[in-house]
Structure formats: C-alpha cells, structure tokens
Amino acid sequence: MNNEQLQALTEKISSELFGRPFLHKAEFNPRLRTTGGRYMLQSHNIEVNKKYLEAYGLKELEGIIKHELCHYHLHLEGRGYKHRDHDFKQLLKAVKAPRHCTPLQKSPSQQLFVYECSGCHLMYSRKKKVDTKRYVCGKCRAPVILREERSTLKR
C-alpha cells in the first residue's frame with residue numbers, strides 16, 4: 001500500500017463511518033516507532049506507521065485510521081479530542097475504533113555484552129556496551145573486562 005491508497009482508504013472510512021469528508025492529508029511516516037499513528041493538530045494531517053500494516057494487516061490499519069479520525073473530527077468541531085475526554089471515548093465506541101493499537105513485537109535478536117570483574121570474577125551482562133575505563137565492579141571496586149559479545153533471541 002502506498003500513500004495514495006492510504007489517502008483513499010482514509011477518505012472512504014471518514015465518509016462511511018463519520019458522515020463527513022476527510023479534507024487533509026494521510027500518509028505513512030517511516031520515523032514513527034512506538035505508535036500506530038498520530039493526528040497533527042497544526043496541519044490536521046494524519047500520519048500512520050506502516051509497520052502495523054506489515055505486521056498485523058489491513059484490519060489493524062483500519063482501526064488506527066478510525067482512531068485518528070476520531071481525533072480529527074472532534075478537533076475540527078471544537079469538542080474534546082484528547083484521549084481523556086468524554087466526547088472522544090464516546091466517539092470511539094460509536095465507530096468501534098480501538099483505544100490503543102496492538103503493540104509491535106521487538107526485534108528477535110539483540111546484542112548482549114558480558115563483563116567480568118578482574119578482582120572477584122563476578123559476571124555482568126548488559127544490553128549496551130559500557131566504557132570499561134570508566135566503570136568498576138560494584139562489589140569489590142576492581143576494573144571490569146569485556147569477556148564476550150553475543151546475540152540472544154528474545155521471545
């Protein structure tokens with residue numbers, strides 16, 4: 001799906017479910033990481049995370065569009081468009097839009113760094129690499145040494 005198809009889908013959902021036209025721009029934003037989509041208050045555009053379409057399909061994407069259109073239409077009407085507002089919660093129920101999208105799964109592989117204390121030989125494992133010149137063992141205050149870097153599978 002490209003931006004033109006997303007625009008057409010958004011306009012269709014807006015006219016069918018809300019009975020009002022969507023007069024602004026809907027597009028995919030590749031920089032979105034943790035959110036399914038967002039409504040821009042200044043420009044009134046809607047941005048959608050394409051990873052949700054790839055991971056969960058068209059049904060999840062339609063749910064995200066419905067959610068963002070609730071923000072859009074309520075904001076343009078001057079009603080409560082924020083998540084905590086009563087108007088927003090009511091409109092979500094009326095159009096059967098999800099309050100939150102399904103979380104994306106984290107990447108399957110992750111780097112793991114294993115350090116060893118040079119004094120007491122205590123092992124430390126960290127997700128991020130640390131500067132061994134700046135850190136010492138918390139138990140005996142001896143310098144730590146990087147022992148191995150390995151990839152682990154997260155499930």
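Student: Why does E27 count as partly exposed?
Tutor: This is a predicted model, and in it E27 has a relative accessibility of 23%. Buried means under 20% and exposed means over 50%, with partly exposed in between. The value for E27 falls in between, so E27 counts as partly exposed.

Student: What makes the pair E27 and K25 a salt bridge?
Tutor: The closest N and O atoms of E27 and K25 are 3.7 Å apart, and the cut-off is 4 Å between a side-chain nitrogen of Lys or Arg and a carboxyl oxygen of Asp or Glu. The pair therefore qualifies as a salt bridge. K25 is partly exposed, with a relative accessible area of 45%.

Student: How do you know that K25 has a polar contact with N45?
Tutor: The backbone nitrogen of K25 is 3.1 Å from a polar atom of the N45 side chain. The limit for such a contact is 3.5 Å, so the distance satisfies it.

Student: Where is N45, and what does it touch?
Tutor: N45 is in the loop between strand 2 (37–39) and strand 3 (46–48). Leaving aside neighbours within four places in sequence, N45 is in contact with H24, K25, R38, Y39 and M40.

Student: Is N45 buried or exposed?
Tutor: N45 has a relative accessible area of 18%. Buried means under 20%, so N45 is buried.

Student: What makes E47 and R38 a salt bridge, and how accessible is each?
Tutor: Their side chains meet at 2.6 Å, N to O, and the cut-off is 4 Å. E47 has a relative accessibility of 11% and so counts as buried. R38 is partly exposed, with a relative accessible area of 33%.

Student: How do you know that the salt bridge of R147 with E116 ties together separate parts of the chain?
Tutor: The closest N and O atoms of R147 and E116 are 2.6 Å apart. R147 belongs to strand 6 (residues 144–153) and E116 to strand 4 (residues 109–117), so the pair ties together parts 31 residues apart in sequence. R147 is partly exposed at 47%, while E116 is buried at 14%.

Student: How many salt bridges does the structure hold, and which residues are linked in a network of them?
Tutor: There are 6 salt bridges in the structure. R20, E77, R79 and D87 form a network of them.

Student: What makes strands 1, 2 and 3 an open sheet with two edges?
Tutor: The order of the 3 strands is 1-3-2, with mixed pairing. Strand 1 (26–28) and strand 2 each pair on one side only, and they are the edge strands. Neighbouring strands are turned by 15° against each other on average, direction ignored.

Student: How do you know that strand 1 and strand 3 pair?
Tutor: Pairing needs at least two bridges, and 3 bridges join strand 1 to strand 3, which run parallel. F28 stands opposite V48 in strand 3. Helix 1 (residues 3–18) packs on the sheet and touches strand 1 and strand 3; its direction makes about 140° with that of strand 1. Helix 3 also packs on the sheet, where it touches strand 1, strand 2 and strand 3; its direction makes about 10° with that of strand 2.

Student: Why is helix 3 called largely enclosed?
Tutor: Of the 20 residues of helix 3, 14 are buried, so the rest of the structure largely encloses the helix.

Student: How do you know that the span of helix 3 agrees with its length in residues?
Tutor: At 1.5 Å a residue, the 20 residues of helix 3 (residues 58–77) should span 28 Å, and the end C-alpha atoms are 28 Å apart. Just after helix 3, G78 has a positive phi of about 80°.

Student: Why does F88 count as buried?
Tutor: F88, in helix 4 (residues 86–95), has 0% relative accessibility, so it counts as buried. Not counting residues up to four places away in sequence, its contacts include H67, C70, H71 and L74.

Student: What makes H121 and R141 worth listing for their phi?
Tutor: Most residues other than glycine have a negative phi. Phi is near 60° for H121 and near 70° for R141. H121 lies in the loop between strand 4 and strand 5 (123–126), and R141 in the loop between strand 5 and strand 6. Exposed means over 50%; H121 has 52% and so counts as exposed, and R141 is exposed at 62%.

Definitions and conventions
Residues are numbered from 1 along each chain as its sequence is written. Side-chain values use heavy atoms; hydrogens and water are left out. Helices (H or I, at least four residues) and strands (E, at least two) are DSSP runs, numbered from the N terminus. The expected span of a helix is 1.5 Å times one less than its number of residues. Buried means under 20% relative accessible area, exposed over 50%, partly exposed in between (1.4 Å probe, protein chains only). A polar contact is a pair of N or O atoms within 3.5 Å; within protein, one must be able to donate a hydrogen and the other to accept it, and residues adjacent in sequence count only if both atoms are side-chain atoms. Contact means heavy atoms within 4.5 Å. Axes are lines fitted to C-alpha atoms, for helices over the stretch in contact, and angles run from 0 to 180 degrees between N-to-C directions.
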